[in-house]
Every structure is written in structure tokens, then in C-alpha cells.
Amino acid sequence: MDLPMAAPMPPPPADEPVAAVVVGAAANSRRAVLTAFLDGESLPDLRPPESFLVIRHGTVERIAAYLPGWSQPWIVPARSARSGAGLALPRPPRRVEVSRPDAPLRRLSLVDSPDLETLRSAGATVLLDAAVRGGALVFVVGAGPPPGQVEHELLRRALRAGITVFVAITAAGVQSAGESFQRAALLAAVPELEQAPWHSVDAATGDAVFLRREVTDWAAREALHRAGAGLADQSAFDEPPTLPPGGPAADWSEQLDRVVRRIGQRVRHTLAIELANLHLAAVRELLFGGGPAGIPGFLDREFLTLSLQASTACAVGVDDAMDEVVEQVFGADPAQRLGPLLREQLRRRLLGDPPTAVAEGLLTTAAGQCEPVPSLAAGPAPVVVDVFAAYPVQRSRCTVPPIGVALAADCWHPRGGPSGMAPDQARSWIQQALRAVEIALSQEISLRFAAVRRGLANLLADAIDSGDAPG
């Protein structure tokens with residue numbers, strides 16, 4: 001698995017919850033670290049191998065599976081989960097959330113990732129996004145082969161993104177290869193880890209005191225840092241600047257139309273290229289990988305990354321459009337002061353009261369069609385797109401409504417889905433399904449940028465008429 005190169009990830013918003021993503025060794029070694037971190041309290045063994053596991057604080061134990069296509073999480077009784085019967089769900093969940101009253105979880109949430117071999121290159125991007133938003137990554141070294149090139153590149157990207165990295169070597173890892181050898185091998189491949197905290201963890205005795213103390217202390221500092229950053233950001237809106245004299249250019253409305261149209265086309269073109277590459281990868285998986293039976297899982301993991309890419313591309317595109325428009329209308333210096341104010345006002349308008357009906361999810365069915373899933377709620381209420389995510393979505397980080405892409409449950413059914421087709425049939429189905437996704441995604445992006453154009457036009461017109469930036 002080669003990890004794709006990615007643009008630098010932006011820092012998390014101040015109100016994003018603090019979390020540590022556990023990654024690295026096989027599932028049993030990561031599970032040993034999680035168990036030791038939680039004072040030896042075992043977790044129910046119910047998560048499918050391709051799903052993310054989010055462990056957060058709650059007054060009572062609660063287990064919920066998030067499935068695209070369902071507006072609410074699928075609640076799993078704790079007694080059933082501990083019986084070892086597993087989850088009988090219509091399709092694999094994107095994530096399983098466990099709420100527990102453990103004291104360490106008061107400071108931070110824990111996210112257990114799937115095995116890197118399961119994630120592939122697409123899932124690695126999702127994992128890094130969760131680590132950037134949470135702030136930390138716990139890299140586990142356990143029994144078995146030492147970390148390879150995939151793990152090394154993941155660590156390099158995490159460190160470049162500013163993620164705090166902790167290294168945990170389990171007792172099994174020490175016995176199998178020796179802690180000093182494991183450390184030397186990792187440092188030779190990733191010298192930047194020299195500054196990272198290293199800890200040995202013995203799940204048999206629950207010895208994770210030092211790791212738990214260091215991670216929770218970091219979480220407390222990170223929460224204070226984010227709270228301070230949030231106050232600093234808010235102070236910028238206390239005294240809105242007065243618009244410069246002379247007024248805007250006479251054709252500012254036409255300029256706005258041209259800029260938003262051009263950047264919207266750029267976003268759609270970028271995602272069309274991603275879908276073309278995905279088509280080639282899916283055909284390779286069909287012919288040389290898991291065959292038709294593996295296509296649903298493969299495509300759904302790729303769609304999870306496509307959701308992240310589409311939402312990020314829209315957010316970046318909107319920011320670029322706003323910066324360019326405000327600079328053309330008011331000049332470079334006022335744009336630096338007005339841009340954040342207008343962006344915040346636009347975000348509130350688009351997320352709190354969408355001016356047009358946009359879908360928050362796209363479901364690809366066994367018939368090869370792509371059906372939109374409309375938003376069920378606005379404002380701070382739960383949103384549909386959250387059930388499409390491997391890590392919970394914070395609406396406050398979105399300038400425009402995010403979008404989720406996934407396969408419907410019937411795609412896993414061998415009677416109608418691609419898993420029960422002959423290779424030639426499955427290849428045709430892949431082409432039809434991806435074309436349907438491309439059309440639906442392009443339409444949703446067009447709706448979002450049309451809403452941006454209308455919203456920004458109203459904001460600028462109000463600011464020009466009043467002579468003050470919107471408060």
C-alpha cells in the first residue's frame with residue numbers, strides 16, 4: 001500500500017474534541033493498549049475489521065453503530081455486545097462508538113483504526129484527518145513483523161501535519177524482537193520520532209500508567225490551547241472594521257459570478273479526475289484482488305475518502321473564491337480584515353438556514369444508481385452526513401454543508417449486488433455506478449457553489465449599502 005501525497009491539513013477548529021488515534025500493529029496489540037489505558041477494562045469485541053472504533057466518555061455504557069443510509073445510529077445493547085455474538089447489521093458500519101464512564105475518557109476520546117492493510121491508501125487519508133482533528137496519534141508496536149514502509153510514511157505524514165505522536169511497545173512486541181531493536185529500527189526510518197514519548201505497555205498487568213498519564217496530560221494542555229485559540233478568533237469579530245471609502249468596483253457582481261463559477265468548475269474537475277482514478281483502481285481490484293466479492297468493501301472505503309476529498313475541496317474552493325472576490329471588490333488590505341468576517345457570516349447562513357435544498361449524502365444502490373439523502377436538520381442538531389463518517393463530523397469546521405458518499409446495504413447482498421455477479425457483469429456495474437456518482441456529486445457541488453454565490457452577493461450588498469462589515 002502506497003500512501004498518496006496530500007496537501008497540508010489545516011489545524012483543527014477550537015471546538016473540535018481532543019482525541020488520540022491508535023494505529024500501527026495488528027488489532028490484538030492495539031486492543032491490548034486500549035485495555036491497559038482503560039485500567040484493564042475490556043472492550044466488547046464487536047467491531048468489524050474495516051470499521052473505526054470511537055471510545056468516548058459517557059455516564060453509562062452505550063454502543064452505537066453508524067451506517068450510511070440510516071439517519072440515526074444503530075444502538076447495540078451492551079449485554080448482546082458482551083455475549084460475543086457480533087453485529088448483525090445490513091451493511092458494515094463506517095464506525096462504532098462506545099461511551100463509557102472511565103476517568104481517562106473525561107480528558108480525551110480514543111479512536112482505534114482498522115489494520116493498515118485493510119485501510120489501504122484511501123483509508124490512510126481518513127485516518128490522518130481524524131488524527132489532525134483529534135491532535136494525537138498513538139503508534140503501537142506489537143508482536144509480528146516490525147513496522148514497514150507503509151507505517152514509516154504514515155508517521156512521517158503525521159509529524160509533518162503537526163500531530164503529537166506517542167509510541168507504545170507492547171510486552172509481546174518486546175518479547176518478539178526486543179524493545180531496543182524496535183526503537184532503533186523505527187528511529188532509523190523516521191528520525192523525527194527521537195523527540196516523541198516512548199512507553200512499554202503490558203496488558204497482562206495493566207501497566208500503562210506512564211502512557212496514560214502522559215497522554216491525558218497532553219490532552220489537558222491541548223484543550224486549554226484550543227480554548228485560547230477560540231477566544232482569540234472570537235476577539236477578531238468584536239470590532240468589525242469599517243469599509244474603505246470610495247466604494248467597490250462597479251461590476252463587482254459580475255466579478256463575483258465569474259470567480260465562483262470558475263472555482264466551482266475547478267472543484268468538479270478535480271473530483272472527476274479522482275473518480276477516473278478510482279475506476280481504474282476498482283477494475284484492478286476486481287481482476288487481481290478480491291474479485292466481485294471484494295468490490296463492495298473496496299468501493300465503500302474509497303467512497304469514504306471521496307467524501308472527505310469532496311467536502312475539503314468545496315471548503316477550500318469557497319475560501320479561495322471569497323478571498324479573491326473580497327480583494328477584487330475592496331482591495332488587498334481590506335480583504336485581510338473583511339475575509340474572516342464574511343466567511344463566518346456565510347458559514348452561519350449556509351449551515352443554519354440553507355438557501356437551497358442540498359443533499360448531505362449520496363447512496364449508490366445495487367442497481368447502479370446514486371440517490372441523494374437530504375438533510376433532516378439544520379443548525380446544531382444531528383446531521384445526516386455524520387452517519388457517513390468514520391470519525392464524527394463537526395459542522396463548525398464546514399463553510400458549506402459537507403457531503404457523504406457510500407454504498408447502500410443492498411450492494412452487499414449477493415443476489416442483487418456486485419458481490420454475486422460474474423466479473424464482466426461486475427465490471428459493467430462499476431462503470432455505471434461510478435458514472436452515477438460523478439453526475440450526482442457534480443450536481444451537489446454546483447448547488448453548493450450557487451448557494452455560495454447568492455449568499456456572498458447578499459452579504460456584500462448589505463455591507464456596501466451600510467458601509468460597515470457585517471457583524
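Is E61 buried, exposed or partly exposed? In this predicted model, E61 has a relative accessibility of 28% and therefore counts as partly exposed, since that class lies between the buried limit of under 20% and the exposed limit of over 50%. The partner of E61 is R100, with which E61 forms a salt bridge whose closest N and O atoms are 3.8 Å apart. E61 belongs to the loop between β2 and β3 (62-66) and R100 to strand β5, so the pair ties together parts that are 39 residues apart in sequence. In contrast to the partly exposed E61, R100 is buried at 4% relative accessibility.

Salt bridges were examined further. The count for the model comes to 21 salt bridges. Side chains of opposite charge can pair when their charged atoms come close. A second pair that involves strand β5 is formed by R56 and E97, with 3.3 Å between the closest N and O atoms. Here R56 lies in strand β2 (residues 52-57) and E97 in strand β5 (residues 95-100), so parts that are 41 residues apart in sequence are tied together. R56 is partly exposed, at 24% relative accessibility, whereas E97 is buried, with a relative accessible area of 7%.

A third salt bridge joins the side chains of D217 and R107, at 4.0 Å from N to O. D217 lies in helix α7 (residues 209-235) and R107 in the loop between β5 and β6 (109-112), so this pair ties together parts that are 110 residues apart in sequence. Both members count as partly exposed, D217 at 35% relative accessibility and R107 at 44%. Through shared partners, salt bridges also join R56, R95, E97 and D386 into one network.

Strand pairing was then considered around β7. Strands of a sheet pair through backbone hydrogen bonds, either parallel or antiparallel. Strand β7 (residues 135-141) has 7 of its 7 residues buried, so the strand is largely enclosed by the rest of the structure. Strand β1 (residues 19-24) pairs with β7 in the parallel sense over 6 bridges, and within this pairing V22 has V138 of β7 as its bridge partner. β7 is also joined to strand β8 (residues 164-170) by 6 bridges, and these two strands run parallel. In β8, I169 stands opposite V141.

The connection from β7 to β8 involves helix α4: β7, α4 and β8 make a right-handed β-α-β unit. Helix α4 covers residues 149-160 and contains R157. R157 is buried, with a relative accessible area of 7%. The C-alpha atoms of R157 and L128 are 8.1 Å apart in space, while the two residues are 29 residues apart in sequence.

An open sheet of 3 strands has the order β11-β10-β12 and mixed pairing. Its edges are formed by β11 (370-374) and β12 (404-407), each with a single partner strand, so one side of each is left without a neighbour in the sheet. On average, and with direction ignored, neighbouring strands of this sheet are turned by 25° against each other. Strand β10 (residues 359-364) is joined to β11 by 5 bridges, and the two run antiparallel. Within β11, C370 stands opposite T364.

Helix α9 lies across β10 and β12 and runs at about 175° to β12. Which span should the 36 residues of helix α9 have at 1.5 Å a residue? The expected span for this helix (residues 295-330) is 52 Å, and its end C-alpha atoms are 51 Å apart, which agrees. After α9 comes G331, with a positive phi near 105°. E302 is one of the residues of helix α9. Its relative accessible area is 16%, and E302 is therefore buried, the limit for this class being under 20%. Apart from neighbours within four places in sequence, E302 is in contact with A122 and L278.

Conventions:
Residues numbered from 1 in each chain as written. Predicted model: local features only at pLDDT ≥ 70, side-chain atom pairs only at ≥ 80, totals over all residues. Heavy atoms only, no water. Helix = DSSP H or I, 4+ residues; strand = E, 2+ residues; numbered from the N terminus. Buried < 20%, exposed > 50% of the residue type's maximum accessible area, 1.4 Å probe, protein only. Expected span 1.5 Å × (residues − 1). Contact = heavy atoms within 4.5 Å. Pairing = 2+ DSSP bridges. Right-handed = clockwise from strand over helix to strand, strands pointing away. Axes fitted to C-alpha atoms, helices over the stretch in contact; angles between N-to-C directions.
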